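Trainee: Could you walk me through this one? I keep meeting labels, and I'd like to know what each one rests on.
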Amino acid sequence: MRPAALDWSVQNCTIARAMEILGERWTLVVLREVFNGIRRFDDMRVRTGIPRQVLTNRLAMLVEQGVLRREPYREPGSRERHEYRLTDKGLDLWPVLVAVLGWGDRYLADPEGSPLRVTHRDCGAEVHAELRCAEGHAVADPRDVLPRPGPGAHRRV
């Protein structure tokens with residue numbers, strides 16, 4: 001049986017566009033650090049071991065894409081430097097990181113468990129990503145989701 005998805009083009013696919021920004025390994029590591037409150041270049045570099053030039057490039061790209069913004073700060077007696085803060089566009093990536101963390105915890109964690117937990121500030125319960133349809137129904141099985149062409153899809157000829 002021929003998959004229906006072959007009938008529409010993916011030339012303007014937003015998943016592919018998002019992966020142009022997020023698809024490099026160090027990009028998600030940088031975002032993890034900023035979500036964890038590590039906002040300064042030197043702290044990120046030391047904590048992650050990301051090579052200096054790679055970190056410079058990733059931060060510049062995330063600022064250029066509007067995911068992070070640079071905020072100046074100055075330690076007494078030092079030159080002005082910058083912290084990196086999440087924009088609204090960046091904050092919207094939190095569910096993505098939570099989903100990646102959950103997948104990694106399920107399939108890749110060491111026997112003693114994950115080194116990171118995310119919890120709800122109000123009650124302390126662990127947070128996880130969950131799919132819901134627009135009507136509010138939980139979608140537990142990926143087989144219950146059907147890909148369909150969206151309003152920007154172009155029919156293949």
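Trainee: What makes residues in the lining of the second largest pocket nonpolar, polar or charged?

Mentor: This is a predicted model, so keep that in mind throughout. The lining of the second largest pocket splits into six nonpolar, two polar and two charged residues. Arg and Glu count as charged, so Arg-106 and Glu-130 in that lining go in the charged group. Gly counts as polar, and Gly-102 is one of the lining residues. Trp and Tyr count as nonpolar, so Trp-103 and Tyr-107, which also line the second largest pocket, land in the nonpolar group.

Trainee: And how much space lies in the second largest pocket?

Mentor: About 280 Å³. For the largest pocket, the volume is about 620 Å³.

Trainee: Which residues lie nearest the centre of the largest pocket?

Mentor: Its lining has 24 residues, and Arg-32, Leu-97, Val-100, Leu-101 and Leu-116 lie nearest the centre. By class, that lining holds 13 nonpolar, five polar and six charged residues.

Trainee: Which helices supply at least two residues each to the lining of the largest pocket?

Mentor: Helix H2 (25-35), helix H3 (41-48) and helix H6 (94-107) do. H6 gives the most, with eight residues.

Trainee: Let's stay with H2. Why is Glu-33 called buried?

Mentor: Glu-33 sits in helix H2. Its relative accessible area is 0%, and buried means under 20%, so Glu-33 is buried.

Trainee: What makes the link between Glu-33 and Arg-47 a polar contact?

Mentor: Their side chains are joined at 2.3 Å. The cut-off for a pair of N or O atoms is within 3.5 Å, so 2.3 Å passes.

Trainee: Back to the second largest pocket, then. Why is His-128 called exposed?

Mentor: His-128 is in the segment after H6, and it lines the second largest pocket. Its relative accessible area is 57%. Exposed means over 50%, so the label fits His-128. As for where it sits, the C-alpha atoms of His-128 and Met-19 are 22 Å apart, with their positions 109 residues apart along the chain.

Trainee: Why is Gly-136 called partly exposed?

Mentor: Gly-136 is also found in the segment after H6. Its relative accessible area is 37%, and partly exposed runs between the 20% and 50% cut-offs, so that's the label Gly-136 gets. From Gly-136 to Gly-104 the C-alpha distance is 26 Å, and they are 32 residues apart in sequence.

Trainee: What about Gly-152, buried or partly exposed?

Mentor: Partly exposed, at 37% relative accessible area. Gly-152 lies in the segment after H6. Its C-alpha atom is 39 Å from that of Ala-125, at 27 residues apart along the chain.

Trainee: And at the other end, why is Asp-7 partly exposed?

Mentor: Asp-7 is in the segment before helix H1 (14-22). Its relative accessible area is 27%; that is not under 20% and not over 50%, so Asp-7 is partly exposed. Asp-7 and Arg-81 are 51 Å apart in space, C-alpha to C-alpha, and 74 residues apart in sequence.

Trainee: Now the strands. How do you know that S1 and S2 pair?

Mentor: Pairing takes at least two bridges. Strand S1 (residues 68-74) and strand S2 (residues 80-86) have seven bridges, in the antiparallel sense, so they pass. Within that pairing, Arg-70 stands opposite Tyr-84 in S2, and Pro-72 stands opposite His-82 in S2.

Trainee: What do S1 and S2 form together?

Mentor: A hairpin, with five residues between the strands. In the turn, Gly-77 has a positive phi of about 80°.

Trainee: Last one: which residues does the "domain: HTH hxlR-type" annotation cover?

Mentor: Residues 13-112, according to an unreviewed UniProt entry. An annotation like that may be inferred rather than shown by experiment, so treat the name as the record's. Over residues 13-112 the chain is 59% helix and 14% strand, and the end C-alpha atoms are 39 Å apart.

Notes
Residues are numbered from 1 along each chain as its sequence is written. This is a predicted model: local features need pLDDT of at least 70, side-chain atom pairs count only at pLDDT 80 or more; totals for chains, interfaces and linings use all residues. Side-chain values use heavy atoms; hydrogens and water are left out. Helices (H or I, at least four residues) and strands (E, at least two) are DSSP runs, numbered from the N terminus. On a 1 Å grid over the protein atoms alone, a cavity is a set of points where a 1.4 Å probe fits but cannot get out, and a pocket is an open set with protein on both sides within 12 Å along at least five of seven lines; lining residues have an atom within 4 Å of a point. Grid points are joined across faces, edges and corners, and a volume is the space filled by probe spheres set on the points. Buried means under 20% relative accessible area, exposed over 50%, partly exposed in between (1.4 Å probe, protein chains only). A polar contact is a pair of N or O atoms within 3.5 Å; within protein, one must be able to donate a hydrogen and the other to accept it, and residues adjacent in sequence count only if both atoms are side-chain atoms.
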